[in-house]
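These are my notebook entries on one protein model. I looked up its overall make-up and then followed several elements one by one.

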Amino acid sequence: MRGAPTILHLDMDAFYASAEQAAKPSLRGKPVIVGGLGPRGVVATASYEARVFGVHSAMAMAQARRLCPNAAYLTPRFSLYRQVSDQVMGLLRALSPLVEPLSLDEAFVDLEAGGTEPRVAVARAVAERLRADIRAVTGLTGSVGLAGSKMLAKIASEQAKPDGLAVIEPGTERELLDPMPVRTLPGVGPATAEALRRAGIHTVAETREAGEAELVRLLGRAHGASLHLMASGRDERPVVAERDAKSISVEDTFDVDVTDRTRVQLEVARLADRCVRRLREAGRSGRTVVIKVRRYDFSTLTRSETLRGPTDDPGVVREAAARLIDGVDTTAGVRLLGVGVSGLADYTQEDLFAQAAQAAHDAQAAEAAHGAVEDPERGSGAEMPEPEGSGAPEAAEGSGRPRAWLPGIDVRHAEYGAGWVQGSGVGRVTVRFEVPWSGPGRVRTFAVDDPELEPGEPLPLVRPPEPPEPPESAEPAGHPAGSGVSR
């Protein structure tokens with residue numbers, strides 16, 4: 001562990017919910033909950049106004065609605081969150097080449113690797129400037145922790161929340177850690193905590209005092225030895241830049257168990273296409289296609305097929321996923337489906353049969369889509385919303401219209417401009433017309449098939465600068481400068 005606090009941990013404050021409040025002036029200062037909106041959805045993020053009611057991430061959405069019935073419940077808009085995340089990660093990479101993203105809203109930075117002098121005052125100044133830059137660029141706030149190790153920097157950022165900066169100076173680590181619960185330490189989940197509790201170990205101090213030998217006896221050599229080091233305030237893990245994704249996947253949970261075989265096959269094909277879009281956006285290809293099926297009784301299985309070479313061809317991935325789902329009995333009901341690709345590579349190996357297979361599949365898909373009827377009770381999101389899509393509703397087959405006007409999504413009206421969906425039902429959709437830099441906007445209601453209402457794109461959270469005015473034109477022809485001719 002280093003002495004100087006030059007490991008920085010950034011955690012954006014209530015990221016998804018804060019981004020929605022910044023985008024929607026009418027929701028500022030009010031409880032906002034983002035997540036899967038169906039009966040089986042869960043909370044992705046709750047604003048601080050909602051947290052005072054007991055709502056928190058990973059809570060069942062049904063429970064959140066009971067605790068905070070007057071909150072705004074919104075579907076995630078991952079395209080917006082990615083845009084903001086890219087801006088924040090760009091600011092971090094300007095500080096150091098060693099940036100380790102953990103998620104869209106969280107990262108470690110090794111400031112010393114970027115040339116920051118290893119002194120408390122210097123590191124603190126860098127962190128304060130970073131927080132100001134994040135607010136200026138994104139309009140959002142982030143909490144920052146500074147310490148000599150990753151573990152301590154993360155603990156410091158938790159202490160700094162919301163919108164703060166905390167520094168753990170050399171020599172104070174043990175005093176800070178000792179009274180904390182053992183779950184504070186990295187790698188201590190429910191099972192490990194229960195094993196330690198049965199041995200009478202509840203705090204970090206008790207963990208350290210138990211000794212390495214006892215921890216190894218309780219938890220095994222690798223885990224026990226590592227835990228003893230961390231309980232002593234020692235964390236040697238380096239900041240690792242550009243952590244490589246091992247797989248790319250998408251999944252959906254359904255509000256009502258799906259039993260129809262044709263519906264299952266169509267959903268798998270749709271998920272395969274979404275997965276390939278993500279694959280291509282990342283500039284990757286993969287050689288192993290994986291499906292995930294969670295049955296009505298919560299039993300979960302996966303099946304995989306390894307291809308001859310890496311591919312990003314949607315037809316190839318669809319066909320592999322279709323073969324895999326054909327081998328799974330889904331007649332009793334399916335609550336979740338997922339499709340993923342692993343064995344990632346930065347290149348593709350041409351499949352000689354891909355074009356012919358693609359053409360045949362497209363013809364079949366077009367015929368199936370033409371006769372397909374949408375299920376109005378289809379789920380609106382995954383149980384744990386993952387950043388796999390744009391956040392906008394998917395278009396219905398063969399049209400430019402969304403499957404559903406989900407609360408929170410962006411829309412644009414030919415007359416009223418940009419807005420967002422407050423709610424919909426019984427053939428109507430209610431829209432509030434406002435933008436991030438306006439005041440609270442007016443609400444209007446339309447028919448769901450109003451031709452003037454279309455899905456929109458997220459606007460930046462900070463108003464773009466006005467384009468510069470064109471320079472004044474030169475002197476009119478035939479009147480050279482200094483001729484005395486007035487304008």
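The entries below go from the whole protein to single strands, helices and residues.

**Entry 1: the whole protein**

I noted at the outset that this is a predicted model. I counted its secondary structure and found 14 helices and 17 strands. Of the 487 residues, 48% count as buried. I then looked up the contacts between residues at least 6 apart in sequence, and 64% of these join residues at least 24 apart. The exposed surface comes to about 23700 Å², and carbon and sulfur atoms supply 52% of that area.

**Entry 2: an open sheet**

In what order do the strands of the five-stranded open sheet stand? I read the order as E5-E6-E1-E7-E8, with mixed pairing. E5 and strand E8 (165–167) stand at the edges; each has a single partner strand, so one side of each lacks a neighbour in the sheet. On average, neighbouring strands of this sheet are turned by 15° against each other, direction ignored.

I next examined one pair within the sheet. E1 and strand E7 (residues 142–147) run antiparallel to each other, and six bridges connect them. In this pairing, I found His9 opposite Gly145 of E7. Helix H6 (residues 150–160) packs on the sheet, where it touches E1, E5, E6, E7 and E8. The direction of H6 makes about 140° with that of E7.

**Entry 3: helix H4**

I checked the length of helix H4, which covers residues 78–93. At 1.5 Å a residue, its 16 residues should span 22 Å, and the end C-alpha atoms are indeed 22 Å apart, so the two values agree.

Which residues of H4 are buried? I listed Phe78, Ser79, Leu80, Tyr81, Val84, Ser85, Val88, Met89, Leu91 and Leu92. I kept a general rule beside this list: an α-helix has 3.6 residues a turn, so residues three or four places apart point the same way. Several elements contribute to the cover over the buried residues of H4, including helix H1 (15–23), strand E2 (32–35) and helix H5 (120–138). Strands E1 (7–12), E5 (99–103) and E6 (106–110) are also among the elements that cover them.

**Entry 4: Gln87**

I selected Gln87, which is placed in helix H4. Is Gln87 buried or partly exposed? Its relative accessibility is 35%, and because buried means under 20% and exposed over 50%, Gln87 counts as partly exposed. Leaving aside its neighbours within four places in sequence, I found Gln87 in contact with Val137 and Thr138. Thr138 is 51 residues away from Gln87 along the chain, yet their C-alpha atoms are separated by 7.4 Å.

**Entry 5: strand E12 and its partners**

I turned to strand E12 (residues 334–345). Eleven of its twelve residues are buried, so E12 is largely enclosed by the rest of the structure. Strand E9 (residues 247–258) pairs with E12 in the antiparallel sense over eight bridges. Within that pairing, Asp252 stands opposite Leu337 of E12. E10 also runs antiparallel to E12, and ten bridges join the two. Here I noted Val341 in E12 as the bridge partner of Val289.

**Entry 6: Arg294**

My last residue was Arg294, which lies in strand E10 (residues 285–295). Why does Arg294 count as buried? Its relative accessible area is 16%, and the limit for buried is under 20%, so Arg294 falls in that class. I also found a polar contact of 3.0 Å between the side chains of Arg294 and Thr300.

Terms used:
Residues are numbered from 1 along each chain as its sequence is written. This is a predicted model: local features need pLDDT of at least 70, side-chain atom pairs count only at pLDDT 80 or more; totals for chains, interfaces and linings use all residues. Side-chain values use heavy atoms; hydrogens and water are left out. Helices (H or I, at least four residues) and strands (E, at least two) are DSSP runs, numbered from the N terminus. The expected span of a helix is 1.5 Å times one less than its number of residues. Buried means under 20% relative accessible area, exposed over 50%, partly exposed in between (1.4 Å probe, protein chains only). Contact means heavy atoms within 4.5 Å. A polar contact is a pair of N or O atoms within 3.5 Å; within protein, one must be able to donate a hydrogen and the other to accept it, and residues adjacent in sequence count only if both atoms are side-chain atoms. Two strands pair if DSSP finds at least two bridges between them. Axes are lines fitted to C-alpha atoms, for helices over the stretch in contact, and angles run from 0 to 180 degrees between N-to-C directions. Accessible areas come from the Shrake-Rupley method with a 1.4 Å probe; for residues, only the protein chains shown count as cover.
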